[in-house]
Amino acid sequence: MQLPSGLQATVERTHGAAGREWLGALPGILRECRARWALELDEPFANLSYNLVLPGRTATGTEIVLKVGVPCRELLTEAAALGLYDGRGAVRLLDHDAPRGMLLLARVTPGEMLYELQCDPAATRTAATLMRQLWRTPPAEHAFPSLAVWFKAFERFRQQYGAGNGPFPPGLTARAERTFIELNESSGQSVLLHGDLHHGNILFAAAGGWMAIDPKGLCGDPGYEMGTFMLNQLPVGAADAETLAVLAQRLMTFAAELQMERTRLARWAFCHAVLSALWSLEEADDWQPTIRLAQMLESLT
């Protein structure tokens, strides 16, 4: 089996020696999964990054998706979140050995992504409906990280650049961190969040309607959830004015559908955009388009 282009490099860059060890063990891992769950596996999906994801079927003909990756906290929290969703609004987790990086999932068919089937206003409404379906009070005992854990990226940034701005526009990271602290401290509710609910992680199932895949699983203010959606599937090559209009329309739709204050949502989206840029900087990816969006979102607050 040929690994998808870029997967090996991403795994090695992200996980270092552990990633190289996992790649070497991957043929054996797949053999074990085939035997353990009586699977027939097809070629991997395209455009993979951190995990290997393959469609297939069981001995009884049930369509499945096998997801395997370097054992890490994200796979543990994904399995835990899917277990709590139990197929309601999210793909069903059939079985797993998450501590060893193995997840067996029901396949979403036909599986078209949200942006393939709906125009932007309709897609935004669909995402809002799915968010409300997925949010729930986390169990008393859980291992989901909090938003505060995710936003420790700002601390790492300060450790590297001190009081400076690094490569970012003057004062932007300080304003975003200050805004996050204000929003987090004033939050009246903490729920289980998907954490990465964008257009490509919302698929259509003939048997169940719109379903979420690939939850990160974290706990925090529900207003944070739409941040990732705001940054995705924007007009390619558009002028700033056109992009800003789309962002403003999405905010209005989310505010109406979620019954939340538009300005508060805009502030959450601004925080998330800067956080996303910090992650890109840490991974040596191109952060500049995300910073451009962060500045636009800040103007909408």
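The following paragraphs lead through the two sheets of this predicted model, the helices that lie across them, and the aromatic pairs. Residues are numbered from 1 along each chain as its sequence is written, and because the model is predicted, local features need pLDDT of at least 70 and side-chain atom pairs count only at pLDDT 80 or more, while totals for chains, interfaces and linings use all residues. Side-chain values use heavy atoms, with hydrogens and water left out.

A convenient place to begin is the open sheet of five strands, which has the order β1-β2-β3-β5-β4 with antiparallel pairing. Strands here are DSSP runs of E with at least two residues, helices are runs of H or I with at least four, and both are numbered from the N terminus; two strands pair if DSSP finds at least two bridges between them. At the edges of this sheet stand β1 (39-41) and β4, each with a single partner strand, so one side of each is left without a neighbour in the sheet. From one strand to the next the twist averages 30 degrees, where axes are lines fitted to C-alpha atoms, for helices over the stretch in contact, and angles run from 0 to 180 degrees between N-to-C directions.

Within this sheet, strand β2 (residues 52-58) and strand β3 (residues 63-68) run antiparallel and are joined by six bridges, and L52 has V68 in β3 as its bridge partner. Strand β4 (residues 93-97) is likewise antiparallel to strand β5 (residues 102-106), with four bridges between them, and H96 is partnered by L103 in β5. These two strands, β4 and β5, form a hairpin with four residues between them, and in its turn G101 has a positive phi of about 80 degrees. D97, which lies in strand β4, has a relative accessible area of 15% and is therefore buried, given that buried means under 20%, exposed over 50% and partly exposed in between (1.4 Å probe, protein chains only). Leaving aside residues up to four places away in sequence, D97 touches R36 and M102, contact being heavy atoms within 4.5 Å. Across β1, β2, β3, β4 and β5 lies helix α2 (residues 17-37), which runs at about 150 degrees to β3.

The other sheet described here is an open one of three strands, with the order β6-β8-β9 and antiparallel pairing. Its edges are β6 (110-113) and β9 (209-212), each of which has a single partner strand, so one side of each is left without a neighbour in the sheet. Neighbouring strands of this sheet are turned against each other by 35 degrees on average, direction ignored. Two bridges connect β6 with strand β8 (residues 202-205), to which it runs antiparallel, and M113 stands opposite L203 in β8.

Helix α5 lies across β8 and β9, running at about 65 degrees to β9. Helix α5 (residues 120-134) also packs with helix α10 (residues 240-258), at an angle of about 40 degrees and with the axes 9 Å apart. Residues of α5 that meet α10 include P121, A128 and M131, and those on the α10 side include V246, F254 and L258. Beyond α5, T137 is found in the loop between α5 and α6 (147-150), where T137 is exposed, with a relative accessible area of 67%. The C-alpha atoms of T137 and R107, 30 residues apart along the chain, are separated by 27 Å.

The aromatic residues complete the picture. Rings of Phe, Tyr and Trp (its six-membered ring) pair if their centres lie within 6.5 Å, and planes under 30 degrees apart count as stacked, over 60 as edge-to-face and the rest as tilted; by this rule the count comes to twelve aromatic pairs. One of these is the tilted pair of F157 and Y161, with 4.8 Å centre to centre and 45 degrees between the planes. Being four residues apart in helix α7 (residues 153-161), F157 and Y161 are separated by about one helical turn; F157 counts as buried at 5% relative accessibility, whereas Y161 is partly exposed at 29%. The rings of F204 and W210 have centres 5.2 Å apart and planes at 70 degrees, so this pair is edge-to-face. F204 is partly exposed, with a relative accessible area of 28%, while W210 is buried at 18%. Finally, W150, F151, F154, F180, Y224, W268 and W279 form one aromatic cluster.
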